[in-house]
Amino acid sequence: MGCGSCGTGKPGGCKSNGGCSSGACNRLNVHDWLRDLPIDDIDSQCKVVEVSFKQGSRKEFFRNTTLQLFEKGDYVTVEGVNGFDLGEVSLTGELVRLQLKKRGLDEFNPDMKKILRPSADREIETFKISKSREADILARSRTHASNLKLAMKLSEIEMQADGKKATFFYTADDRIDFRELIRIFAGEFKVKVEMRQIGIRQEAAKLGGIGSCGRELCCSTWLHDFKSVNTTAARYQNLSINQTKLSGQCGRLKCCLNFELDTYLDALQGFPDYADTLQTAMGQAFLIKKDIFKNLMWYTLPNNTKHYPLTIDRVVEIKKLNQQGVVVDELQAVEITSSKSKEVESSFVELVGQISLKTLEKNDRRRRDQQRGFNNNDRNFNGPNNGPRNNNGPRNDGPRNDQRGPNNGPNNNRPNNGPRSNGPRPNNGPRPNNGPRPNNGPRPNNGPSNNTGQAQS
């Protein structure tokens, strides 16, 4: 794909050195799958050639009155308005007859325009000069339309190869009086002006873009017949009526909603009609959707958010009983089992194994306690000997053996089982409040201590 097969040796989109035989640079491209077949009768071959303009945004049919056989990608000079135009051959041979039949055109129409000759180098240079003016003319024309306060949007300009005519494509909701605008355009640009109104879908096709599917827009690549699309197509396909999701780049409903509509309509013929409601002992069941892939019909009961999937045979059976005046006791819904969920569950057990979350939480809690130091109120003594204690401070008390009795009292009278760096500190009970405490100088720094008793002043 691209310009690799055109012989120029340049990548796709070279835009020079002749045309591209693959046609990859053009929009609405058609592959000529009859190109390499031998021609049995030259006289019976189709004499009409399809020519594309502006990289495939516009295609027209021209009669080949010359004796030369053109191939895809050749530049040809054709009849224009008061001059000539230059286009690229996009299709030849028998496939042109199929395109004419598809468009409803007559192959032998005498009013069909003709191909004058193969394009010369001088005509190609004139064509490139005219095309280079399009961007500047488009910007200036939009400025004039804005100054005149016209409710229109100029989307594209196409210059004729000889520079004598310019076609302005615009979109508008109402009729526009652009007589003054045409006079300004003709006087400033020195061309014959043609105003052509297009729809919003045609504008999106000319501008191009990437759709929500990740591919290039269908209207820019192959779709040229725009059919009406309504929300009924989305309802048949059980799609939610969301304007944001159902709208395309043009702001209208997506054309692809019609692509699978016929398939859904054929599949829905096997579903019973007039089965929107079913009479049950629990109330009236309402139909909410039809699943054509599993042949199920989903119902819901009043005052209940649960959905009940029923088979087509069960719905037909209940409908016949309701017509006889019989109310069924239960719907007999089908159990929907997801094989995907089972696979995920089994793989989860195999990967994780028997690891308990409580063990992980306990290890995490222990790690946090070691980092910030134990609080004596939350410490749990599990034995007579807790081993050496390192309280992350300058105090080193050595091994302690805290043997608590059943009641240690408010002051935790403990025996001192190891030498302390500051000497033994007796506990004489609560101190009397004798007034302000004299200041006997700075107290020695003994490091952080965790006293479980309550100091009373």
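Which backbone oxygen does the side chain of S57 reach? I started today's notebook with that, keeping in mind that I am reading a predicted model.

**Entry 1: S57**

I followed the side chain of S57 to the backbone oxygen of K54, and the distance came out at 3.1 Å. I then placed S57 on the chain: it sits in the loop that links β1 (48–53) to β2. Buried or exposed, I wondered, for S57? S57 counts as buried, because its relative accessibility is 18% and the cut-off for buried is under 20%.

**Entry 2: L69**

Next I moved along to L69, which I found in the loop between β2 (58–64) and β3 (75–79). Here the accessibility is 58%, so L69 counts as exposed; the cut-off for that label is over 50%. I also looked up how L69 sits relative to K47, which is 22 residues away along the chain. Their C-alpha atoms are 9.6 Å apart.

**Entry 3: the sheet with β6, β7 and β8**

I turned to a sheet further along and wrote down its strand order. It is an open sheet of three strands, ordered β6-β7-β8, and its pairing is mixed. Which strands are at the edges? They are β6 (153–159) and β8 (192–197), each pairing on one side only. I noted the turn between neighbouring strands of this sheet as well: 25° on average, with direction ignored.

Then I checked how β7 meets β8. Strand β7 covers residues 165–171, and six bridges join it to β8. The two strands run parallel. To have a pair of residues to look at, I picked F168, which stands opposite M195 in β8.

**Entry 4: helix α4**

What lies across these strands, I asked myself, and at what angle to β8? Helix α4, made of residues 179–189, lies across β6, β7 and β8. Its direction is at about 140° to that of β8.

**Entry 5: the whole protein**

I closed with some totals, to put the local views in context. I have 12 helices and 12 strands on my list for the protein. How many of the 457 residues count as buried? The share is 32%. For the accessible surface I wrote down about 31200 Å², with 49% of it belonging to carbon and sulfur atoms. Last came the contacts between residues at least 6 apart in sequence: 56% of them join residues at least 24 apart.

Terms used:
Residues numbered from 1 in each chain as written. Predicted model: local features only at pLDDT ≥ 70, side-chain atom pairs only at ≥ 80, totals over all residues. Heavy atoms only, no water. Helix = DSSP H or I, 4+ residues; strand = E, 2+ residues; numbered from the N terminus. Buried < 20%, exposed > 50% of the residue type's maximum accessible area, 1.4 Å probe, protein only. Polar contact = N/O pair within 3.5 Å; in protein donor to acceptor, adjacent residues only side chain to side chain. Contact = heavy atoms within 4.5 Å. Areas by Shrake-Rupley, 256 points an atom, 1.4 Å probe, with all protein chains shown as cover. Pairing = 2+ DSSP bridges. Axes fitted to C-alpha atoms, helices over the stretch in contact; angles between N-to-C directions.
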